[in-house]
Every structure is written in structure tokens, then in C-alpha cells.
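Biologist: Could you walk me through the side-chain pairings in this one? I would like to go residue by residue.

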Amino acid sequence: MMDDKSRNAELTMTEQVYSEDPLADRETDMYRKEYITTFVNKWDELIDWKGRAESEGQFFIDILRARGKERVLDVACGTGFHSVRLTEAGFDVTASDGSAAMVAKAFENGQKRGLILKTTQADWRWLNRDVHGKYDAIVCLGNSFTHLHDENERRRALAEFYAALKHDGILILDQRNYDAMLDKGFSSKHKYYYCGDQVVAEPDHVDEGLCRMRYSFPDGSSYTLNMCPIRKNYVRRLLSEAGFERVRTYGDFQETYAEDDPDFFIHVAEKSALHLVRWGDGSKGDAKQDIRNITETYYDSVDADTFYSTIWGGEDLHVGRYTTTTDIRTASDLSIAEMIARLPKMTAATRVLDLGSGYGGAMRTLVRKTGCEAVCLNISETQNEYNQGKIRAAKLGNRISVRHGAFEDVPEADESFDVVWSQDSFLHSDQRDTVLAEAWRVLKPGGHLIFTDPMQADDADPAALQPVYDRLSLNSLGSPRAYRHAAQSLGFEILEQEDAVADLRTHYARVREELLSNYDQLIEGGASAAYLDKMAVGLQNWVSAADAGHLAFGIQHFRKPA
């Protein structure tokens, strides 16, 4: 076994070492001869910490926070950019790299910023030999995974990552867009990743097995890296075959992107489906499948995401107000305005919790109008990540946070909110008494619970509503009387139970009209014909039930006594 001095020769080497034919050097251990100290000392010129922080914003911080992750292992820490940023954001970070020169530089960069980073040197192929314990998240960034030149080594590294994660951990791994480079040639403005405008990074050679990148610095020096140009879908397949349950891919921090446009792809891989960890798998005995599993899977689907983001306009999912308009987007804004008008004046000190926030449009509107602070709790990761992107674009990240979770078990402290808000979400719970109890728990004395929900009329026959339940795989609907009794039993004061069922009827009719008018566009966007046809029938069932007097709707406004 090599001693540390020979193993870490990069600490004293002054020249990169390649064979007589550098294009033939296609082995993983080359990185030890490439990341020599003289190159590492120039790496921050390439990255430009300030520029990169501005371009990527809160992307990785938001992803980790939304999933409640705290303990993070940065397995490719490089000179420490992400380890430092995540530590400063409050995460418990261990910074690791296979290169001793990189680890030393990361520690030095941490010290310059007043931090003592926890650092360790570890090769991914033997990660769990050198790094102990389980982590909530692993990040492998900076195109580092493409230093692995052999598929067996890639599989081994992913297995090591998987083993080092807790049962509900996530892996965030990025890669250069080699698909575009291989198919159309190299083109990069380094808009996001390499922000140093005095450094030129471009390939000397590209083929299916090698991308030899050259980095040229203002002082005339240049260095090279030999990497394997692995394709996006190949990496996604490896992640799935390594056991990761779900993989989302972004292009330059955006989930929606042109395939050949981004410089980099970012994969977010979940070790286990979060709903199975949180809710159980619904497989015990004769128990019904947990409705939360159904809801999470439904809203995370391509069908549902395409339909709702297109027809509702990508801001929210709630029922609108149609007295003065027939436009769904405008009606949705009016619905938010109606709820705001019923609440006491809000200020920057007001904290609002949105239960079932969907795409988050209500909280973005509320925060812009009132300056309050908001937390969006939602069960769909697809919607949460879309919401986070909208929050970043609106520069509201300091006022709005997003959490993944269910409103039957709110991950917030007792008496920590002034307002609990919800629009058309509680129907997805078959434990509505528990939902209201959670709202009571997190509200401060004097706080307000305000929500809307598609309900059944107090005396409606559940059998007559079965077609309505079926559209969203519901077990039941709430009713004004049921909500009133549940609220009163907790101690809430009943301030208002509005009757606005006409808006509910109009809303579902308008949504059905828009679905039919945009049918072809929805198909092109990824929704299936089977889904859309079933949706059209389901929406008509809601309209018919409203016409028959079986449904109820309106703002429900309760107050927790001071």
C-alpha cells in the first residue's frame, strides 16, 4: 500500500504528468497527476467565487432545505466553494476530495472566511473506508464524476455514495453537457459554472471516450484535464440501476431547458421515494393505500404537471372568482385578494404558513403585497422545485421558504405562525380533523386559519359523489358542517363560512373548456391522451354535482382565541 508521501505526490509536483500520448491516458487515477498544487492554486481564478455564487443563487441550498437535509458530504469539494457556501447557510458539512492538494486548498479557503471546515481525503471508490457515518445528502459537483473513466468504477462510486446516505438521503451530481459537445461541437459561454472572465476553458480533443480540456490563464500558463464525456441519459440510467428511486435532471439550475442549450446538467437522485419513507407503503393487511401516497404520486406525474402548469398558468392550482371575469388566471388572483381582504393587516413581522402550497403563487403574491414572511408546505417535489425556481426569479428567497411534507404532520414549531393559509388542498386528506389540529398547534394565540376547499354539501349522499371522488382518487370530501364542528372542538372561533359554490361550478367548467381548447398543446407538452380524456370526464362530473346541489365551496375563516 502506498504511503501518504507517494500517494499525495501532487503536493510537491510542479508539472502535470502524462504519457507520450496524452490522448491515450484514459484511466481514473490520472487525476492524481493532474491536480498538482500549482494548478490547484489557480483554480479559484477559473471559478470566481463571487460570480458563481451570483449565478447559481440559492439553487443547492433550496433543494437541501426543502427536503429537510442537514448533514451534507461534499465528495468533490475542490477548493471548497460549495462546502463553504453550505456551511455558511447552516448545514453540517464534511468536505472531501480525492486530491490532497484540493483538500488543503479548501481548508485554507475556509480559514480565510472564518470557518474551520471538516475535511478529509477520500477516493470515491473506497469512500466508506475513509468517511464514516450516514449523511442526509451527498453533493458531487464541478463535473467531477466524469473523472471516472471505467463503467465499473462509476458503478462502484455510486454504490459507495448510496451506502453513505441515510435511508431517505439524496445525491446531487452534475456533469458537463457532453451530449451537445459530442453531437454538435463545443460551445460554452461559461454563463453559470466558470465565471472567471480572464480564463479560457476549451477542449483540445473530444471523442466518445475522452474530453481533454485545457485551461489557459492570463499569465500564459495552461493545464489540462482528461475526462470521460458521459452522456446525460447514461448517467440517469446508472443512478437508477444503483438503486436511486427517482432522478430529476436540471439544465443550468432550471428543470425546463433545451436539451442542447445548457452548459451543465444537474441530477438530483433520491435514495428512496420520500412518500414511502414518510407515510409507509400502504401494504399492511387490508389497509387502504395511504391517500398521501396517491396525492404525491399524482402531482409529481408528468401528466398532472403538464396539465396544471399549462391550464392554470403555472402560478397556483386554486379555484378562482368569476363574478367579474372568465379568465382563469385573473380569477385566481381575485381569489387570493378575497382572502387577503379578510385578514388583519400584515407586516414584515407576520409569519404565514401555506398548507398545500402547490406552485406557490399565493405566497409569492402575498409576500409581494404585504412584505410578510411565508413558508410553503407541499407534498409534491415537482411543484416544490418549480416554486423554488419562481421564488429565485422573483428574488423572494429571503422571505419565502419551501418545505416538503404533509399537513397532517407539519414540521414547524408550536405557536410559530400568525396565519395558516390553504387553498383547495385539504380535500386530499382523509384526516381533516388532524389537519385542523396541526393548524391550531402552529398558530399563535390570536392567529387566523383561513382556507378554501372543494366540499360536499352538508346533507349530500356520498354515493352520489363517487364520480367526483374518483377524479382525484379521494376517499371523501369535507363539508362546511364537518369543518365547523372540527374547528369548534379545538377551540377555534368561527368568523365566516362563505357560500361561493357558483365560483366552484364556473371554475371547473372553464378549466374543462381550456383543456379541450388546448388538447393538442397538452399532448405535445407531455400529457397523455388517456389522462386528458379522464380529466375531461372528471371535470364534467364536478360541474354536474354542483348543478345537482351536492357540492359546497367558499372561504372558511377561523380564529384561535388570544
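Biologist: Let's start with Phe39: does it count as buried or exposed, and why?

Modeller: Bear in mind throughout that this is a predicted model. Phe39 has a relative accessibility of 0%, so it counts as buried.

Biologist: OK, and how many aromatic pairs does the structure hold?

Modeller: There are 22 aromatic pairs in the structure. One of them joins Phe39 to Phe217, and because the ring centres are 6.5 Å apart with the planes at 75°, this pair is edge-to-face.

Biologist: Where do Phe39 and Phe217 sit along the chain?

Modeller: They come from distant parts of the chain, 178 residues apart. Phe39 belongs to helix α3, residues 37-40, whereas Phe217 is in the loop that runs between β7 (210-216) and β8 (222-227).

Biologist: And Phe217, is that buried or exposed?

Modeller: Phe217 counts as buried because its relative accessibility is 5%, which falls under the 20% limit. Phe217 also pairs with Tyr223, and with the centres 6.2 Å apart and the planes at 75°, that pair is edge-to-face. Tyr223 is buried, as Phe217 is.

Biologist: Which charged residue lies over the face of Phe217?

Modeller: That is Lys42, placed over the ring face at 5.5 Å from the ring centre of Phe217. A further case is Lys232, which lies over the face of Phe265 at 5.3 Å from the ring centre.

Biologist: Which residues do ring pairs link into a cluster?

Modeller: The cluster consists of Phe407, Phe426, Trp440, Phe451, Tyr483, Phe492 and Phe558, linked to one another through ring pairs.

Biologist: Switching to charges, how many salt bridges do you count?

Modeller: The count comes to 37 salt bridges. Among them is the one between Arg125 and Asp29, whose side chains meet at 2.6 Å, N to O. This pair also links distant parts of the chain, with Arg125 in the loop between β3 (118-121) and α9 (127-130), and Asp29, 96 residues apart from it, in the loop between α1 (4-7) and α2 (31-34).

Biologist: How buried or exposed are Arg125 and Asp29?

Modeller: Arg125 has 4% relative accessibility and therefore counts as buried, while Asp29, with a relative accessible area of 37%, is partly exposed. Arg125 has a salt bridge to Asp123 as well, at 2.7 Å, N to O, and in that pair Asp123 and Arg125 are both buried.

Biologist: What about Lys166, which side chain does it meet in a salt bridge?

Modeller: Lys166 meets Asp136, with a distance of 3.1 Å, N to O. Here the partners lie in two strands, Lys166 in β5 (residues 165-176) and Asp136 in β4 (residues 135-140), 30 residues apart. Lys166 is at 31% relative accessibility and so counts as partly exposed, whereas Asp136, at 10%, counts as buried.

Biologist: Which residues are joined into one network by salt bridges that share partners?

Modeller: That network takes in Arg321, Glu338, Arg342, Glu496, Glu498 and Asp503.

Biologist: Last one, Arg85: where does it lie, and what is it in contact with?

Modeller: Arg85 lies in helix α7, which covers residues 81-88. Its relative accessible area is 18%, so Arg85 is buried. If one leaves aside the neighbours within four places in sequence, Arg85 is in contact with Ala53, Glu56, Gly57, Gln58 and Ile61.

Methods
Residues are numbered from 1 along each chain as its sequence is written. This is a predicted model: local features need pLDDT of at least 70, side-chain atom pairs count only at pLDDT 80 or more; totals for chains, interfaces and linings use all residues. Side-chain values use heavy atoms; hydrogens and water are left out. Rings of Phe, Tyr and Trp (its six-membered ring) pair if their centres lie within 6.5 Å; planes under 30 degrees apart count as stacked, over 60 as edge-to-face and the rest as tilted. Helices (H or I, at least four residues) and strands (E, at least two) are DSSP runs, numbered from the N terminus. Buried means under 20% relative accessible area, exposed over 50%, partly exposed in between (1.4 Å probe, protein chains only). A charge sits over a ring if NZ of Lys or CZ of Arg is within 6 Å of the ring centre and within 35 degrees of the ring normal. A salt bridge is a side-chain nitrogen of Lys or Arg within 4 Å of a carboxyl oxygen of Asp or Glu. Contact means heavy atoms within 4.5 Å.
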